[in-house]
Amino acid sequence: KNMKKYLLTTLLLISASLMLKAQDDATINKTGDKAPVFKCTTIDGKTIDLSKTQGKIVMVTFFATWCGPCNEELPVIEKEIYNKYKSNPNFIFVAIGRQHTEQELKDFAAKKSLALPFAPDPDKSIYTLYAKQMIPRNVVIGKDGKILFQEIGFFPEDFNKLKDLLAKELGE
């Protein structure tokens, strides 16, 4: 019985470390690296050009409409982050729909009653600057254009770290 328990524990530890390794390999940039520059247009027609955001905090969320954890996270981001900081001139937020068209994102926003600034990334050209796989994925870019924070998945502990960081950086 103890041997079974030991084997199960060992297998769980191995699979957990493999998952963490996969997450590591899936992320292209490290925290502290200069964030890859991109330009996108949100479904309400606003252009976000990362090369012109010096002095601002930028939060990018990569998601897909069919992704369960993404669907859990987006309303929480809207309520606890976007609504809090959207009128702050030093904060820019964009939710990038990986492999989605503008129309798909408009339909999704309407269906889910979300007012987030969604931007399509139909060919993954923006996503692939940051990652190989795994969503949801949040990236916070500092006023100097460097990556301050990255997280994969939707976990309360990481989400609280994200909120604390934004509060610190945006002085709220």
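1. Let's start with a loop residue. Asp-33 has a relative accessible area of 32%, so it counts as partly exposed. This is a predicted model, by the way, so please read everything below in that light. Asp-33 sits in the loop that runs between α1 (2-26) and β1 (39-41).

2. What does Asp-33 touch once its neighbours within four places in sequence are left aside? The contacts are Gly-145, Lys-146 and Ile-147. Take Gly-145: in sequence it is 112 residues from Asp-33, yet the two C-alpha atoms are 8.6 Å apart in space. If you're looking at the α1-β1 loop on screen, bring up that stretch of chain alongside Asp-33.

3. On to the cysteines. A search of the whole structure turns up one disulfide. The partners are Cys-67 and Cys-70, with their sulfur atoms 2.3 Å apart. The link is right-handed, with 80° about the S-S bond, and both Cys-67 and Cys-70 are buried. Cys-40, on the other hand, is in no disulfide: the nearest cysteine sulfur belongs to Cys-70 and is 17 Å away. The cut-off for a disulfide is 2.5 Å between sulfur atoms, so at 17 Å Cys-40 and Cys-70 do not make one. Is Cys-40 buried or exposed? At 5% relative accessibility, Cys-40 is buried.

4. Helix α5 is worth a look of its own. Its 15 residues, 156-170, should span 21 Å at 1.5 Å a residue, and because the end C-alpha atoms are 21 Å apart, expectation and model agree. Straight after α5 comes Gly-171, which has a positive phi, near 60°.

5. Which residues of α5 are buried? They are Phe-159, Leu-162, Leu-165, Leu-166, Ala-167 and Leu-170. These buried residues pack against quite a list of elements: the strands β3 (57-63), β4 (91-98), β6 (137-141) and β7 (147-152), plus helix α2 (68-85).

6. α5 also carries a salt bridge, between the side chains of Asp-158 and Lys-161, at 3.9 Å from N to O. Why are these two about one helical turn from each other? Because they are three residues apart in helix α5. In general, an α-helix has 3.6 residues a turn, so residues three or four places apart point the same way. Asp-158, with a relative accessible area of 23%, is partly exposed, and Lys-161 is partly exposed too, at 44%. A salt bridge here needs the nitrogen within 4 Å of the carboxyl oxygen, so the 3.9 Å of Asp-158 and Lys-161 meets the cut-off.

7. How many salt bridges does the structure hold? The answer is five. Another one of them joins Lys-106 to Glu-102, the closest N and O atoms being 3.2 Å apart. Both residues lie in helix α3 (residues 102-112), four residues apart, or about one turn of the helix. Lys-106 is partly exposed at 34% relative accessibility, and Glu-102 is partly exposed at 38%.

8. The salt bridge of Lys-52 with Asp-49 has its closest N and O atoms 3.1 Å apart. The two ends sit in opposite settings. Lys-52 is exposed, with a relative accessible area of 64%, whereas Asp-49 is buried, at 14%. The reason for those labels is simple: buried means under 20% relative accessible area and exposed means over 50%.

9. Now the rings. The count of aromatic pairs comes to nine. Among them is the pair of Tyr-85 and Phe-91, whose centres are 5.5 Å apart with 55° between the planes, making the pair tilted. Both rings belong to buried residues: Tyr-85 has 2% relative accessibility, and Phe-91 has a relative accessible area of 7%.

10. Finally, an aromatic cluster with a charge beside one of its members. Which residues form the cluster? Phe-38, Phe-62, Tyr-127 and Tyr-130 come together as one group. The charged end of Arg-98 sits over the ring of Tyr-127, 4.8 Å from the ring centre.

Conventions. Residues numbered from 1 in each chain as written. Predicted model: local features only at pLDDT ≥ 70, side-chain atom pairs only at ≥ 80, totals over all residues. Heavy atoms only, no water. Expected span 1.5 Å × (residues − 1). Buried < 20%, exposed > 50% of the residue type's maximum accessible area, 1.4 Å probe, protein only. Contact = heavy atoms within 4.5 Å. Phe/Tyr/Trp six-rings, centres within 6.5 Å; stacked < 30°, edge-to-face > 60°. Lys NZ or Arg CZ within 6 Å of the ring centre and 35° of its normal.
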